[in-house]
Amino acid sequence: MTFKNPYRDSKGRVLLIAAQLPFAAVIGIKFSPEPCATAANNIGKLALGKRLAQRIECHCDDAARYPLPPSSCRRVRSEIDS
């Protein structure tokens, strides 16, 4: 399962929390380069022993236009419903 964080979080805190869970990927989407660089820097500081996510990324993009995989959306929805 992939965790994508399209919500406002300028330092990557949500990414750091999600990275400590066993997701296949944790992907953050920042609208401007400065918060993206800050989040990427903070991700780099996370101790390897605390990382359970297989992949952690931060992208500078518009979250409204960033594609979400349909399978991830279905899986998240099924988790919410149960």
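Reader: Why is C60 called partly exposed?

Author: In this predicted model, C60 has a relative accessible area of 43%. The partly exposed class lies between the buried limit of 20% and the exposed limit of 50%, so C60, at 43%, belongs there.

Reader: What makes C58 count as buried?

Author: The relative accessibility of C58 is 18%. Buried means under 20%, and C58 therefore meets that condition.

Reader: How do you know that the sulfur of C58 is too far from that of C36 for a bond?

Author: The sulfur of C36 is the closest cysteine sulfur to that of C58, at 3.3 Å. A disulfide requires the two sulfur atoms to be within 2.5 Å, so the pair C58 and C36 does not qualify.

Reader: What keeps C60 out of a disulfide?

Author: For C60 the nearest cysteine sulfur is also that of C36, and it is 5.3 Å away. With the limit at 2.5 Å, C60 is therefore in no disulfide. A search of the whole structure finds zero disulfides.

Reader: What makes the contact between E57 and R55 a salt bridge?

Author: The side chains of E57 and R55 meet at 2.4 Å, N to O. The criterion is a side-chain nitrogen of Lys or Arg within 4 Å of a carboxyl oxygen of Asp or Glu, so this pair satisfies it. E57 counts as partly exposed at 21% relative accessibility, and R55 is partly exposed at 41%.

Reader: Why are D62 and R65 called a salt bridge?

Author: Their side chains are 3.4 Å apart, N to O. That distance is within 4 Å, so the pair counts. The structure holds two salt bridges.

Reader: Why is R65 called exposed, and why is D62 called partly exposed?

Author: R65 has a relative accessible area of 65%. Exposed means over 50%, so R65 is in that class. D62 has 21%, which is not under 20% and not over 50%, so D62 is partly exposed.

Reader: Which elements make up the chain, and in what order do they run?

Author: The chain has three helices and three strands. From the N terminus on, they run β-α-β-α-β-α.

Reader: What share of the chain counts as buried, and what share of the contacts joins residues 24 or more positions apart?

Author: Of the 82 residues of the chain, 29% count as buried. Among contacts with a separation of 6 or more, 68% are between residues 24 or more positions apart.

Definitions and conventions. Residues are numbered from 1 along each chain as its sequence is written. This is a predicted model: local features need pLDDT of at least 70, side-chain atom pairs count only at pLDDT 80 or more; totals for chains, interfaces and linings use all residues. Side-chain values use heavy atoms; hydrogens and water are left out. Buried means under 20% relative accessible area, exposed over 50%, partly exposed in between (1.4 Å probe, protein chains only). Helices (H or I, at least four residues) and strands (E, at least two) are DSSP runs, numbered from the N terminus. Contact means heavy atoms within 4.5 Å.
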